[in-house]
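Dear colleague,

Please find below the structure that I am handing over to you. My account of what was found in it follows directly after.

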Amino acid sequence: MGTPKADLIVAGRRLLDRAVTALREGGCTPVIAVVREGTTVGGVRAVVNPDPSRGMRSSLALAVEAAALADVAALAVLLVDVPGIGPEAVRATVEAWRPGRVAIATFDGRRGHPIVMAPEFWTEALAVAGADEGARSWLRAHPGLVDEIDVAGDPCDLDTPEDVRRWAGG
């Protein structure tokens, strides 16, 4: 992409700010943002990933650690590169979560984000995840724990400049 995804401006807003707003307005508190050194974001607990080139797993591990320190019952994970997922999808998924279960947003039957589960489950997921993975392998191994929550939104992630242009309508 040529720049960190979190800093990309799409339709007039930085992707990081979109994700923070979706989480905050979706009922998440505290909101934890894992950021690169020098990235500023207001109204959240910012955790710096000193080496984001290690992959998504490294950022997720920092978020899980921060959630455990904050003593939260569940952690809702929303990636910055899915700007079409709004507060309504976050709220529905968070409200559907139950202890001992995993709530995953689905869009027309396709799994996406947010994913909500207890920090202990996230820790287990990280133990089996590759460097650029999240919970996918763990979720495949524990299908009986998963509740799919049908929500509205656009789950398409932005991985290329063409994806950004297409999503922004240009």
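**The open sheet**

Strand 5 and strand 7 are paired in the antiparallel sense, over 3 bridges. Within this pair, Ala76 stands opposite Val116 of strand 7. Please note that the model is a predicted one, and that every value in this message was computed from it.

The pair belongs to an open sheet of 4 strands, whose order is 5-7-6-8 and whose pairing is mixed. At the edges are strand 5 (75-77) and strand 8 (146-150), each of which pairs on one side only. From one strand to the next, the twist averages 30°.

Strand 7 also pairs with strand 6, in the antiparallel sense and over 4 bridges. Here Ala103 stands opposite Val116 in strand 7, and Val116 is likewise the residue that Ala76 stands opposite. Strand 6 and strand 7 form a hairpin that has 2 residues between the strands. In the turn, Asp108 has a positive phi of about 50°. Strand 7 is mostly covered, since 6 of its 8 residues are buried.

The parallel part of the mixed pairing involves strand 6 (residues 102-107) and strand 8, which pair in that sense over 5 bridges. As general background, strands of a sheet pair through backbone hydrogen bonds, in either the parallel or the antiparallel sense.

**Thr106 in strand 6**

Thr106 has its place in strand 6 and stands opposite Asp150 in strand 8. Is Thr106 buried or exposed? Its relative accessible area is 4%, and because the cut-off for a buried residue is under 20%, Thr106 counts as buried. When neighbours within four places in sequence are left aside, Thr106 is in contact with Arg111, Glu148, Ile149, Asp150 and Val151. The residue it stands opposite, Asp150, is thus also one of its contacts.

**Helix 3 and its two faces**

Helix 3 (residues 87-96) has the buried residues Pro87, Ala89, Val90 and Thr93. Viewed down the axis of helix 3, these residues fall within an arc of 160°, so they line one face of the helix. The face turned away from that buried side carries the exposed residues Glu88 and Glu95. What covers the buried residues of helix 3? The cover includes helix 1, strand 7 (110-117), strand 6 and strand 8.

**Helix 1 against helix 3**

Two packed helices are described by the angle between their axes and by the distance between those axes. For helix 1 and helix 3, the angle is about 45° and the axes are 7 Å apart. These two helices are therefore oblique to each other. Helix 1 passes helix 3 in a right-handed crossing. On the side of helix 1, the contact is made by Thr21, Ala22, Leu23 and Glu25; on the side of helix 3, Pro87, Val90 and Arg91 take part. Pro87 and Val90 are also among the buried residues of helix 3.

Two residues of helix 1 may be considered individually. Thr21 lies in helix 1 and, because its relative accessibility is 19%, counts as buried. Apart from neighbours within four places in sequence, Thr21 is in contact with Arg13, Gly26 and Pro87. Asp17 is likewise found in helix 1 (residues 15-25), but at 26% relative accessibility it counts as partly exposed. The C-alpha atom of Asp17 is separated by 24 Å from that of Ala118, a residue 101 places away along the chain.

**Helix 2 against helix 4**

A second helix packing involves helix 2 (residues 56-69) and helix 4 (residues 119-128), which pack at an angle of about 155° with their axes 10 Å apart. This angle makes helix 2 roughly antiparallel to helix 4, because angles over 145 degrees are counted in that way. The crossing of helix 2 and helix 4 is left-handed, whereas that of helix 1 and helix 3 is right-handed.

Which residues meet at this second packing? Helix 2 contributes Arg57, Leu60, Ala61, Val64 and Ala67. From helix 4, the residues that they meet are Pro119, Trp122, Thr123, Leu126 and Ala127.

With kind regards

Technical notes
Residues are numbered from 1 along each chain as its sequence is written. This is a predicted model: local features need pLDDT of at least 70, side-chain atom pairs count only at pLDDT 80 or more; totals for chains, interfaces and linings use all residues. Side-chain values use heavy atoms; hydrogens and water are left out. Two strands pair if DSSP finds at least two bridges between them. Axes are lines fitted to C-alpha atoms, for helices over the stretch in contact, and angles run from 0 to 180 degrees between N-to-C directions. Buried means under 20% relative accessible area, exposed over 50%, partly exposed in between (1.4 Å probe, protein chains only). Contact means heavy atoms within 4.5 Å. The arc is that of the directions from the helix axis to the C-beta atoms. Angles under 35 degrees count as roughly parallel, over 145 as roughly antiparallel, 65 to 115 as roughly perpendicular and the rest as oblique. A crossing is left-handed if the near helix is turned anticlockwise from the far one by less than a right angle, and right-handed if clockwise.
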